[in-house]
Amino acid sequence: MKTMKSRRSGGDRGGIRKRGPIRTDRDGDMDMDAPGGRGGKRGGRGGPGRPTGSGSGSGAGVGRPARSGGDRPQARDKTLEAIQKAISNTRDSQVSIRQGKNAAPSNLELFSVLGWKESKVSSHRDGGVENLIAFLERRMNAHSKSGPRARITKSRVEGDSLVVFVRPDLSDRMLRLHDSLFAGVHLVVEPYDPSSSAVLDRELGTATGTSPSTADTKSKMTLILSKRYYPDTKLLDLSKLSADPDLVAMGIFNQTSTESKFFPALMKVWEMGFTNAAQRREAVESVSLAHNSLTNVTAVTTLSQTFPDIKNLDLSHNNLKDYRSINAWRWKFRNLEFLDLTENPFSAEPNFKETMMKWYPKLQTLNNVIVRTAEEIAAQKKTPIPVQAPHFQDDGQIAENFIRAFFTRYDNSRDELVKSVYDSQSEFTLNVNTSAPKAQQTESAGWDPYIKKSRNLLKINHLPARMSRAYTGADKILELWKSLPQTRHPDMSAHPEEYLVECHPVPGLPDPTGQSPTGVGGLMIMVHGKFEESVGGKVETRSFDRTFIIGPGGGMGGIRVINDILCLRAYGGHEAWSPENQAIPYATAPVAPVAGAAPVAVPAPAAAVPAPVAQPGIPQGYGAPAPGKTDAQVQQELLVAQMSAKSGMTLQFSEMALSGNGWNLDAAWKNFEELKASGSLPATAFLSPA
Amino acid sequence: MATATDDVLTKVSTEAATELVNSFYPALKNDRASIASFYLPTPTSILFNGNTVADGAAVQDIFQSQMPEAFYEVQSFDCQIINRAYPTTTATGLKPTTEMTVKDMSILVMASGNVRYGENRDQLPRGFSETFVLVPNPSSDRKRRRDWLIQSQNFRLVV
């Protein structure tokens with residue numbers, strides 16, 4: 001504790017110099033997130049709140065000079081701005097990964113509570129966390145009878161430590177809980193230091209009597225990692241760690257407490273070497289933990305957090321007995337293709353192969369034996385209904401023009417958009433799917449700005465709420481849209497692959513003139529895509545599904561929006577709608593419009609194939625899956641339809657051209673052009689006179 | 001008919017959507033022989049991942065003969081009324097306005113959720129988005145019939 005404190009405020013700040021200010025300034029950073037108004041209040045709160053916690057002051061003084069000079073507001077704002085810039089730069093370049101997760105809500109103080117894992121309640125289902133929190137709150141309140149009840153605002157488990165967030169004025173009470181007896185163990189309560197290497201550093205300090213700085217530990221670990229990393233093969237070789245002379249020299253294995261903290265610290269140090277998650281992910285494909293006498297993976301479990309996407313994992317020559325020994329990785333490493341568990345007792349278990357294949361659906365090689373082929377894995381992934389290019393049936397490009405303009409206008413001028421195509425009868429609702437599957441295993445921002453407007457009928461059951469969450473008429477829609485966050489959708493022309501747009505006619509719409517008893521026809525447009533939005537200063541990418549029904553009306557282009565229904569969900573990528581068979585050049589072949597039917601569809605490449613059924617001379621169901629039809633047949637039919645659309649030839653001749661050219665559309669097209677130029681194609685080859 | 005208030009309209013439409021979600025997805029899993037009965041005899045458009053399917057019978061056929069077991073979970077859905085006075089064509093021609101009730105509406109339904117195909121529980125579920133248009137059942141047979149039928153449907157895997 002004492003060493004911590006002195007290090008934080010004193011001169012010994014070598015490697016943590018950068019970190020020190022970041023941490024203490026984090027509160028400052030949060031202040032600055034709040035524009036204008038709150039800044040004023042803050043000064044007032046900072047006054048009484050901070051000084052009273054005289055003993056708590058760990059770090060309170062550091063990094064707050066900006067506020068102390070409560071001089072002319074304008075000058076202060078400038079200082080604040082400059083500091084914020086400096087902080088955000090450091091953050092981005094240094095510890096963006098950690099900061100992302102650790103950022104404390106507004107100005108709460110963080111403390112680590114240790115020791116409870118050895119307590120009697122640690123066998124509880126939640127590891128005793130609930131009991132521990134209740135205990136801490138009780139004890140914090142035991143000290144004072146008056147005032148508001150002391151609460152732990154937020155908490156999370158980090159290794160052996162429970163990290164708790166409390167209001168700054170509760171810091172004293174929190175620290176007083178140090179050494180209190182909880183379920184048979186003495187708790188350690190100390191100010192939270194986000195770097196595991198600092199934790200390890202403390203342990204090493206107590207073990208050796210000296211106090212090497214965190215920077216020293218970190219640089220040693222960095223060196224060890226660099227010796228063990230092979231960038232050419234993207235291998236991180238962490239085998240035979242206990243025999244590593246550098247680690248032995250550091251005293252890592254002298255006592256169990258440093259040993260258990262060493263690996264998580266090593267992982268943190270690795271992460272800190274990268275400025276962005278994508279780079280980090282790509283740097284390593286293979287990890288070896290061979291020859292480490294592991295009896296289970298508890299000590300090294302953080303490997304799965306730092307390297308969730310590795311393909312090859314060597315755990316050979318350990319002492320893993322059965323599946324329970326690696327149960328912590330049951331749902332990790334979803335991309336694992338190679339796993340070596342030779343020279344472990346587990347490998348001799350009767351259900352070994354079966355269990356590992358079940359756990360890791362992409363596993364191909366187990367203990368150096370091929371257990372699955374790449375084809376088998378591809379077949380697993382295949383959807384029962386093949387994914388085809390979008391269906392886009394839009395005579396006169398009405399839907400195309402509408403949708404091309406829509407998202408740019410939604411991003412930039414919602415009021416103009418509403419005025420131009422929404423009328424007094426238009427309806428808009430939105431619903432949030434808060435549990436949708438995600439493209440990445442990352443946490444996504446919350447849904448606060450939307451959730452009170454969400455009309456998810458699974459959750460909104462009462463009629464008044466169902467009514468109040470539906471917005472009818474341009475005025476109400478605009479009022480709602482103005483309350484929703486600013487968005488940025490990708491440019492549809494530049495990034496067509498990020499959208500999927502489908503469209504078809506729909507009959508029986510209300511006739512605004514009231515003249516047609518059978519209603520009027522319109523178009524139904526279904527869009528799937530993504531957008532960006534700024535959440536607390538961070539850019540968040542979300543996915544959406546949005547369906548419009550547009551009909552004839554008095555708006556721009558002679559249309560009006562009748563229905564606009566929006567579903568928001570966590571970012572799910574766009575791979576799901578890229579056609580399954582990449583060999584088929586949907587995206588590349590420019591499709592010549594066929595008279596009367598195929599429009600040039602919206603998002604250029606992805607949507608460029610008109611619906612097979614919309615083409616002349618093509619029977620219903622052609623190119624669609626049907627009972628008894630193989631996937632290969634369906635794909636061939638689609639190619640034939642495409643060839644026919646492009647060349648104007650009949651299906652029969654299109655098929656001949658393709659089968660004669662190994663089902664390669666480009667080759668078939670070239671062949672067709674040659675034959676056509678030389679006049680060798682009969683008139684009967686064409687649907688209509690060419 | 002013209003006197004239907006907003007609360008009645010909301011009640012009727014949201015209940016119709018709820019009924020669809022609560023009966024259609026379970027049928028895709030457990031009661032595939034009933035799939036055709038959810039559709040209008042001549043639907044406007046049925047699309048699965050961009051594949052055009054002719055009608056309810058064809059959908060049922062695909063699910064019965066090609067699809068492995070499918071586990072759908074709808075996580076969010078919503079609906080809107082498209083036409084409060086939907087023109088229904090019955091066996092005797094267009095239904096006269098005098099016979100129309102509050103239930104003569106067409107409804108847009110949008111569902112979002114996930115689906116897992118096959119028995120392998122280790123497969124990650126896929127995200128889907130599905131849009132339906134429901135219209136009143138034109139059949140005059142009052143027995144064992146659904147109130148609403150699918151006029152159009154568009155299913156897409158989106159994650």
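Helix axes in these legends are lines fitted to C-alpha atoms over the stretch in contact, and angles run from 0 to 180 degrees between N-to-C directions. The model is predicted: local features need pLDDT of at least 70, side-chain atom pairs count only at pLDDT 80 or more, and totals for chains, interfaces and linings use all residues. Residues are numbered from 1 along each chain as its sequence is written, with chains lettered from A and ligands numbered from 1 in the order in which they are written.

**View 1. Helices α17 and α20 of chain A pack against each other.**
Helix α17 covers residues 414-421 of chain A and helix α20 covers residues 474-483 of chain A; helices are DSSP runs of H or I with at least four residues, strands are runs of E with at least two, and both are numbered from the N terminus. The two axes are 10 Å apart, at an angle of about 160°. That makes α17(A) roughly antiparallel to α20(A), a term for angles over 145 degrees. Their crossing is right-handed, that is, the near helix is turned clockwise from the far one by less than a right angle. On α17(A), the residues involved are Arg414(A), Asp415(A), Val418(A) and Lys419(A). They meet Ala474(A), Ile477(A), Leu478(A), Trp481(A) and Lys482(A) of α20(A), where a contact is a pair of C-beta atoms, placed from the backbone, within 7 Å. Five of the residues in this contact are nonpolar, none is polar and four are charged; Ala, Val, Leu, Ile, Met, Phe, Trp, Tyr, Cys and Pro count as nonpolar, Asp, Glu, Lys and Arg as charged, and the others, Gly among them, as polar.

**View 2. Four strands of chain A form an open antiparallel sheet.**
The strand order is β2-β3-β1-β6 (chain A). β2 (154-158) and β6 (188-191) of chain A stand at the edges, each with a single partner strand, so one side of each has no neighbour in the sheet. From one strand to the next the twist averages 25°. Strands count as paired if DSSP finds at least two bridges between them. Five bridges join β2(A) to β3 (residues 161-166) of chain A, and Ser155(A) has Val164(A) as its bridge partner in β3(A). Val164(A) is also the bridge partner of Phe111(A), within the five antiparallel bridges between β1(A) and β3(A). β1(A) and β6(A) pair over four bridges, again antiparallel; here Val113(A) is matched with Val189(A) in β6(A). Helix α6 (residues 129-142) of chain A lies across β1 (109-114), β2 and β3 of chain A, at about 40° to β3(A).

**View 3. Strand β6 of chain B is mostly covered.**
Chain B has two helices and eight strands, in the order α-β-β-α-β-β-β-β-β-β from the N terminus. Strand β6 of chain B spans residues 106-117, and ten of its twelve residues are buried, meaning that 20 or more other C-beta atoms lie within 10 Å of their own; a residue with 12 or fewer is exposed and one in between is partly exposed, with C-beta atoms placed from the backbone. For chain B as a whole, 48% of the 159 residues count as buried. Strand β3 (residues 70-83) of chain B runs antiparallel to β6(B) and is joined to it by twelve bridges. Gln80(B) has Leu108(B) as its bridge partner in β6(B). β6(B) also pairs with β7 (residues 126-136) of chain B, in the antiparallel sense, over nine bridges, with Gly113(B) matched to Phe128(B) in β7(B).

**View 4. Chains A and B meet through 62 residues from chain A and 56 residues from chain B.**
The elements of chain A that give two or more residues to the side touching chain B are α14 (352-359), β14 (422-433), α19 (463-468), β16 (500-509), β17 (520-535), β18 (538-552) and β19 (559-570). β16(A) supplies the largest share, seven residues. This side of chain A divides into 35 nonpolar, 20 polar and seven charged residues.

**View 5. Arg84(B) lies in the loop between β3 and β4 (89-90) of chain B.**
Arg84(B) is partly exposed, with 18 other C-beta atoms within 10 Å. Not counting residues up to four places away in sequence, Arg84(B) touches Pro510(A), Leu9(B) and Met105(B). The C-alpha atoms of Arg84(B) and Thr101(B) are separated by 9.7 Å, and these residues are 17 apart along the chain.

Note on methods. Two residues are in contact if their C-beta atoms, placed from the backbone, lie within 7 Å. Angles under 35 degrees count as roughly parallel, over 145 as roughly antiparallel, 65 to 115 as roughly perpendicular and the rest as oblique.
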